[in-house]
Protein chains: 2
Amino acid sequence: MFNVLLAHIQEKVNLSVGDVDLLKSFFIPKKLRKRQYILQEGDVCKYLMFVEKGLLRMYHVDDKGAEHMIQFAWEGWWMADTYSFLSGDISQYNIDAIEDAELLMITLPNFEAMLLQLPVMERYFRILFQNNIISKERRLINTISYSAEEKYKRLVATHPEMIQRIPQNLIASYLGLTPETLSRIRKKLMQS
Amino acid sequence: MFNVLLAHIQEKVNLSVGDVDLLKSFFIPKKLRKRQYILQEGDVCKYLMFVEKGLLRMYHVDDKGAEHMIQFAWEGWWMADTYSFLSGDISQYNIDAIEDAELLMITLPNFEAMLLQLPVMERYFRILFQNNIISKERRLINTISYSAEEKYKRLVATHPEMIQRIPQNLIASYLGLTPETLSRIRKKLMQS
DNA sequence: CGGATCGTTGATCAACTTCAACGGTCGTGG
DNA sequence: CCACGACCGTTGAAGTTGATCAACGATCCG
């Protein structure tokens with residue numbers, strides 16, 4: 001159950017055997033069915049979640065009812081509305097499962113206790129957040145700098161796993177396009 | 001010279017008197033003239049920079065030569081191409097001064113030494129990066145979810161300081177619009 | 001004073017969206 | 001286990017938003 005999480009942490013920092021036991025004690029395991037919500041707009045995001053198995057999405061619904069994908073997370077990724085989790089304010093976002101999933105969840109009090117009792121985790125999360133900033137920055141640049149077709153081509157080039165695993169209408173939303181536009185782009189790229 | 005930086009750190013974590021002296025020793029002060037580059041595309045981002053005074057911008061130039069604003073930074077903000085700084089790879093971005101500026105700069109070896117010798121700074125940067133993720137996420141949502149006019153209205157509502165201080169053509173680029181489009185939007189909003 | 005830069009305005013154009021319809025597939029309940 | 005409905009990807013036609021190109025006045029700075 002903790003295999004993926006422990007591997008992910010030990011890639012970045014060192015944990016002793018005692019640390020591992022302590023670490024595990026902070027988490028709650030949870031299974032999620034496809035289409036099941038783990039966070040809904042208007043609720044507080046009570047958990048920071050690590051995906052051991054399966055696939056989640058976080059998305060925002062705008063004034064007109066359209067969904068906009070913020071993030072996907074599968075094996076080895078963290079997921080949460082960071083702002084809501086840390087501040088305790090209600091969330092503007094929804095998180096649900098695209099595929100059946102197994103999660104390891106940690107509450108804010110436990111997260112803070114973990115950082116105090118395992119200072120090496122401060123480092124782990126600092127590095128994790130660093131990497132997150134880098135990828136968010138890249139996504140932003142792609143979003144504002146390029147045409148629909150170029151955005152899609154860049155996604156295929158940099159994240160082919162996403163194209164494999166995630167339904168096309170969600171990819172469209174992730175890129176800020178309509179499903180129709182993405183369908184047409186794919187058709188055009190097939191032909192050439 | 002270190003006033004703004006120390007205040008910013010002590011808002012988030014506690015520093016002893018000895019810590020403060022040690023901390024200062026890691027930084028290099030630097031003054032920058034308006035329009036002066038501190039990072040150019042193709043160079044490595046050698047420094048993580050804290051703005052004590054003045055105003056910087058980071059931007060990307062796309063294949064067609066158009067500039068896209070990634071970030072602004074004034075008093076109390078950090079600036080760097082995080083990826084290039086941490087990895088040592090060359091940067092795709094440019095950083096220059098919009099207003100004369102005074103910076104405190106730290107190299108990667110000094111950054112790493114600082115984190116080891118002042119573990120409390122792991123916490124500071126973890127919190128800093130957390131907040132950065134939250135704001136990048138919001139910007140991304142605004143960028144993909146809303147029309148040009150709504151994007152501008154939201155920027156005015158959430159970051160009026162930016163509107164005050166930053167030239168209009170750079171605001172347009174930050175929002176992913178042309179200067180002409182932003183000019184027309186402002187005209188329309190004045191009339192209503 | 002003169003050149004460069006910036007914001008503005010107008011006219012045209014292209015990219016992407018919207019609306020509508022259709023066929024295929026998947027999953028669920030009878 | 002089959003049938004039906006829901007959902008998804010596709011295609012077409014029309015509409016809209018924002019980009020592009022061009023020109024002009026104002027301001028700033030050297």
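Let me start with a small strand in chain A: β2, residues 37-39, runs antiparallel to β6 of chain A, and two bridges join them. Within that pairing, A:Tyr37 stands opposite A:Asp96 of β6(A). Before going on, please keep in mind that this is a predicted model.

Strand β6(A) has further partners. Strand β1 of chain A, residues 28-32, pairs with β6(A), residues 93-107, in the antiparallel sense, over five bridges. There, A:Leu32 has A:Ala101 of β6(A) as its bridge partner. Then comes β3 of chain A, residues 47-61, which is also antiparallel to β6(A), this time over 12 bridges. In that pairing A:Met58 is bridged to A:Ile95 of β6(A). As a general reminder for anyone looking at the sheet, side chains in a regular strand alternate between its two faces.

Now the two protein chains. How are chains A and B related? A turn of 180° with a shift of 0.0 Å along the axis lays chain B on chain A, with an RMSD of 0.0 Å. The two copies are therefore related as by a two-fold rotation axis. If you want to find that axis on the screen, look for B:Arg126: its C-alpha is the nearest to the axis in chain B, at 2.2 Å. Both copies use the same surface, and 100% of the contact residues of chain B recur in chain A.

On to the contact between the chains. Chain A puts in 26 residues, and chain B puts in 26 residues. On the chain B side, the elements that each supply at least two residues are β4 (67-74), α3 (82-87) and α5 (120-145). Which of them gives the largest share of that side? It is α5(B), with 17 residues. By class, the side of chain B that touches chain A has 11 nonpolar, eight polar and seven charged residues.

Next, the DNA. I will take strand C to begin with. It is surrounded by 16 residues, and the closest are A:Ala148, A:Thr181, B:Gln168, B:Asn169 and B:Ser183. Four helices each supply at least two residues of the surface near DNA strand C: α6 (148-158) and α9 (179-191) from chain A, with α8 (168-175) and α9 (179-191) from chain B. The helix that gives the most is α9(B), with six residues. The surface near strand C is made up of four nonpolar, six polar and six charged residues.

Then DNA strand D. Here there are 16 residues around the strand, and those that come nearest are A:Gln168, A:Asn169, A:Ser183, B:Ser147 and B:Thr181. Two or more residues each come from α8 (168-175) and α9 of chain A and from α6 (148-158) and α9 of chain B. For strand D the most comes from α9(A), with six residues. The classes near strand D are four nonpolar, six polar and six charged.

Last, the two chain B helices that I named for strand C. How do α8(B) and α9(B) pack? Their axes are 8 Å apart, at an angle of about 105°. Angles of 65 to 115 degrees count as roughly perpendicular, so α8(B) and α9(B) are roughly perpendicular to each other. From α8(B), the contact is made by B:Gln168, B:Asn169, B:Ile171 and B:Ala172, and from α9(B) by B:Pro179, B:Thr181 and B:Leu182. That contact has four nonpolar residues, three polar ones and no charged ones.

Key
Residues numbered from 1 in each chain as written. Chains lettered and ligands numbered in written order. Predicted model: local features only at pLDDT ≥ 70, side-chain atom pairs only at ≥ 80, totals over all residues. Pairing = 2+ DSSP bridges. Near = placed C-beta within 6 Å. Nonpolar A, V, L, I, M, F, W, Y, C, P; charged D, E, K, R; others polar. Least-squares fit on C-alpha atoms with pLDDT ≥ 70 in both. Contact = placed C-beta atoms within 7 Å. Axes fitted to C-alpha atoms, helices over the stretch in contact; angles between N-to-C directions. Parallel < 35°, antiparallel > 145°, perpendicular 65-115°, else oblique.
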